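Q: Please take a close look at one part of this model. Describe the part itself, then its surroundings, in one connected answer.

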Amino acid sequence: MLWREVLLVAGKDLRIEARSRVTLQQVLPFGLVVLLLFAFALDPDRGVLERVAPGLFWVTVLLASLLAVSRSYTIEADNGARDGLRLSGLDGPAIFLGKASAVAVQLLALEIVLAACVVVLYGVHLDTLVPLVLATLAATVGVAATGTLYGVLAAGLRVRETLVPLLVLPVVAPVLLGATRAWEAAIDGIPSDAWPWVGLLAVFAVLFTGVGMLAFGPLLEES
Amino acid sequence: MTGSASTGDRLLKPRVAMVLGWLTLVAVVVLALFGLWGAPPDEIQGDAQRLMYLHVPAAWVAYLAFAVTAISSALWLWRRTRSDVWDRVAGSSAELGVLFTALTLVLGALWGKPIWGVWWAWDARLVTTAVLFFLYLGYLALRRIPAAPETRAKRCAIAALIAFVDVPIVHFSVTWWRTLHQDGTVFNEELSAQIHGVMAFTLWFGVLAFTMVYLYLLDRRYRLMVLDEEREEREVAIAIEERVSADPNAPVTPTAPAGASR
């Protein structure tokens, strides 16, 4: 029952994306430009880029996630769509999981392309794939859940676009830390160093998915 | 602490607040005397160590303030204890928390420069405190957005609890990342203070004096919030009166609360 509703909401958001292609045509190019700008700032010839690539990658993902979350609530802003959602009879937790998973799916697609670019542009070798993929999945779920939660908190506010980054970025600071360390460990070929961080990311993801499921309904009512 | 909270207009009775204010002033003066002259200079760090008598109490009050914000937010969310009182306490306390967090960071930087040779070090506790500062700065930004009182209170209470849930994770992740700070002097694992005599007394007295400052400011900020709300109500009443007297036939439809669509 819950999962059917989750799929319904996620499907709606993803169908809108498939037709409008805002993430594909705006958020993804934004991420690529940021990766390019990092290379300008850090000069590829000095060999810095390769060492700091995981951090740059995750900073880029976080910035792009802010846009993805913003988009996720822009599509609810027009034509009283948010009222429609409220009146739809769907449960708060189901709407939350649906919207968060739609954001997560888009972020994952974005991360795959960005990671390919990091490999090509920064000359990084991604070898130890298992901890790397698990860390990426957990981090993506955590970021999507947190973003969706703060997104509904600020939905309908005129200052939404400036407020959400201030609220989200300090909260997801541990995700940036954990995901970057896990990637570094995996790239250096020391998977044992990555596992504690994967655990931390998983705890973060579970915790904020839980908090989001609890808080989303009451927040949607007030937005 | 909740003095005459039944009416909700004041946290402390005016007399109690006044006495607390004077006692706080005396405590701060005594702390200054002990901190600057009473306590001996540190064997290794010299006079710079005297910053500890401000730095540690400020950090303590910052954490206390955020804990109070979290507890009062939870009390607001719980239907049986829901009251404007808790919303105001949460907001007042968060403001003080941010203030004392900033103070902790600045004092820490001033202390770090002569001792570590740098203003800032990427040490676990420093980084956690900095993240904490921004977490609650976001909360204050959210509080400033006008909305119907109930809506705003609910939104802020939930945001405060999310921020509070995040604190241990931030602390944990940053600690794993790096730790070079000296172990806590008073709250270390054996819970036995490593400093003695006048220095220990001054430190504990500092914690007491800063807690008094916190309580006094909390009461004042709370009162200011009540007065602000009253002023707003009065202004709305005057505006309605003016509208009615200008054109008695104009319908006085209650529009959405000021700024609700923000």
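A: A helix here is a DSSP run of H or I with at least four residues, and helices are numbered from the N terminus. The model is predicted.

The part to look at is helix H8 of chain A, residues 173–187. H8(A) has 15 residues. From its first C-alpha to its last, H8(A) reaches 21 Å, close to the 21 Å expected at 1.5 Å a residue. After H8(A) comes Gly189(A), with a positive phi near 75°.

Now the burial. H8(A) is mostly covered, with 12 of its 15 residues buried. A residue counts as buried if 20 or more other C-beta atoms lie within 10 Å of its own. The buried set opens with Ala173(A), Pro174(A) and Val175(A). Leu177(A), Gly178(A), Ala179(A), Thr180(A), Arg181(A), Ala182(A) and Trp183(A) are buried too. Ala185(A) and Ala186(A) complete the list.

What do these buried residues pack against? In chain A, the partners are helices H3 (48–74), H6 (129–154), H7 (160–171) and H9 (191–222). In chain B, they are H4 and H5.

That leads to the contact between the chains. It takes 23 residues from chain A and 22 residues from chain B. On the chain B side, the elements giving two or more residues are H4(B), 124–143, and H5(B), 149–177. H5(B) gives the most, with 14 residues. By type, the chain B side divides into 15 nonpolar, 3 polar and 4 charged residues.

H5(B) also packs against a helix of its own chain. Its partner is H2(B), residues 52–77. The two pack at an angle of about 135°, with their axes 9 Å apart. H2(B) and H5(B) are therefore oblique to each other. Their crossing is left-handed. H2(B) brings Phe66(B), Thr69(B), Ala70(B), Ser73(B), Ala74(B), Trp76(B) and Leu77(B) to this contact. From H5(B) come Ala153(B), Ala157(B), Ala160(B), Leu161(B) and Phe164(B). The residues of this contact divide into 10 nonpolar, 2 polar and no charged.

Last, chain B as a whole. Chain B has 6 helices and 0 strands. Along the sequence, the pattern is α-α-α-α-α-α. Of its 262 residues, 35% count as buried. Among chain B contacts between residues at least 6 apart in sequence, 75% join residues at least 24 apart.

Notes
Residues are numbered from 1 along each chain as its sequence is written. Chains are lettered from A and ligands numbered from 1 in the order in which they are written. This is a predicted model: local features need pLDDT of at least 70, side-chain atom pairs count only at pLDDT 80 or more; totals for chains, interfaces and linings use all residues. Two residues are in contact if their C-beta atoms, placed from the backbone, lie within 7 Å. Ala, Val, Leu, Ile, Met, Phe, Trp, Tyr, Cys and Pro count as nonpolar, Asp, Glu, Lys and Arg as charged, and the others, Gly among them, as polar. The expected span of a helix is 1.5 Å times one less than its number of residues. Axes are lines fitted to C-alpha atoms, for helices over the stretch in contact, and angles run from 0 to 180 degrees between N-to-C directions. Angles under 35 degrees count as roughly parallel, over 145 as roughly antiparallel, 65 to 115 as roughly perpendicular and the rest as oblique. A crossing is left-handed if the near helix is turned anticlockwise from the far one by less than a right angle, and right-handed if clockwise.
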